[in-house]
Amino acid sequence: QVQLVESGGGLVQAGGSLRLSCAASGGTYSSYAMGWFRQAPGKEREGVSCIRSSDGRTYYADSVKGRFTISSDNAKNTVYLQMNSLKPEDTAVYYCAAELAFLKRLCRTADFGSWGQGTQVTVSS
C-alpha cells in the first residue's frame with residue numbers, strides 16, 4: 001500500500017554521522033508505523049528504530065540507543081534516521097519499512113508489509 005525510497009547511505013569513518021531519509025508515496029496516511037531495519041551479510045534482519053504515529057511511541061535497539069534518532073516530517077511524507085557515533089558493526093544494508101495497521105509490538109520485521117529497496121551504510125575503522 002505504501003511505496004518507499006531510501007537515500008543517504010554511504011561510506012563513513014568510525015565516529016562519523018549519516019542521516020538516512022525515506023520518502024513515502026501512494027497517499028496520505030493518518031495512522032501508520034514506520035521503521036528502519038538493517039541486515040548485514042550472514043545475519044538476520046533486525047529492527048533498528050521504529051515510530052508509531054498514533055501516539056509517537058518510538059523504539060530503539062539496544063545497540064543504537066543514545067546514538068541514533070528517528071524522526072518524521074508528515075508534510076513531506078518522509079521519515080529520517082540520524083546516525084551519530086557510527087561504529088564498524090553498524091555496517092549493513094538499511095531498509096525503510098511501513099505498516100498501516102496498528103502495531104502493539106512496534107519494531108518486528110514480520111509485522112511490516114511495505115519495504116524500500118535498501119541503502120548501503122559502510123563504517124570503516
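A polar contact here is a pair of N or O atoms within 3.5 Å, where one can donate a hydrogen and the other can accept it. Ser114 gives a good example: a polar atom of its side chain sits 3.4 Å from the backbone nitrogen of Val2. Keep in mind that this is a predicted model. Below is a quick tour of the salt bridges, three residues worth a look, and the main pocket.

**Salt bridges**

- Side chains of opposite charge can pair when their charged atoms come close.
- Six salt bridges turn up in this structure.
- One of them pairs Asp90 with Arg38, at 2.9 Å from N to O. This pair ties together distant parts of the chain, 52 residues apart: Asp90 comes from the loop between β8 and β9 (92-99), and Arg38 from strand β4 (residues 33-39). Both partners are buried.
- Asp55 and Arg52 make another salt bridge, with 2.7 Å between the closest N and O atoms. Here the partners fall into two classes: Arg52 has a relative accessible area of 7%, so it is buried, while Asp55 has 47% and counts as partly exposed.
- Asp111 and Arg108 also meet through their side chains, at 3.0 Å from N to O. Asp111 comes in at 24% relative accessibility, so it counts as partly exposed, and Arg108 counts as partly exposed too, at 42%.
- Salt bridges with shared partners also build one network, made up of Arg38, Glu46, Arg67 and Asp90.

**Arg67, a member of that network**

- You'll find Arg67 in the loop between β6 (58-60) and β7. Its relative accessible area is 9%, so it counts as buried.
- The Arg67 side chain also reaches a backbone atom, the oxygen of Ser63, at 2.8 Å.
- Setting aside neighbours within four places in sequence, Arg67 is in contact with Gln82, Met83, Asn84, Ser85, Leu86, Lys87 and Asp90.

**Ser114**

- Ser114 belongs to strand β10 (residues 114-115). With 9% relative accessibility, Ser114 is classed as buried.
- Besides Val2, the residues in contact with Ser114 include Gln1, Leu4, Cys96, Ala97 and Ala98, once neighbours within four places in sequence are left aside.

**Leu20**

- Leu20 is part of strand β3 (residues 18-25). Its relative accessible area is 0%, so Leu20 is buried.
- Not counting residues up to four places away in sequence, Leu20 touches Ser7, Gly8, Gly9, Trp36, Val79, Tyr80, Leu81, Met83, Tyr94, Thr119 and Val121.
- To place Leu20 relative to one of the salt-bridge residues: Asp55 is 35 residues away in sequence, and the C-alpha atoms of the two are 23 Å apart in space.

**The largest pocket**

- The volume of the largest pocket is about 160 Å³.
- Its lining takes in 15 residues, and those nearest the centre are Tyr29, Tyr32, Met34, Asn74 and Asn77.
- Strands β7 (68-73) and β8 (78-83) each contribute at least two lining residues.
- Sorted by class, the lining breaks down into nine nonpolar residues, five polar ones and one charged.

Terms used. Residues numbered from 1 in each chain as written. Predicted model: local features only at pLDDT ≥ 70, side-chain atom pairs only at ≥ 80, totals over all residues. Heavy atoms only, no water. 1 Å grid on protein atoms, 1.4 Å probe; cavity = no way out; pocket = protein on both sides within 12 Å on 5 of 7 lines; lining within 4 Å. Points joined across faces, edges and corners; volume = space filled by probe spheres on them. Helix = DSSP H or I, 4+ residues; strand = E, 2+ residues; numbered from the N terminus. Nonpolar A, V, L, I, M, F, W, Y, C, P; charged D, E, K, R; others polar. Salt bridge = Lys/Arg side-chain N within 4 Å of Asp/Glu carboxyl O. Buried < 20%, exposed > 50% of the residue type's maximum accessible area, 1.4 Å probe, protein only. Contact = heavy atoms within 4.5 Å.
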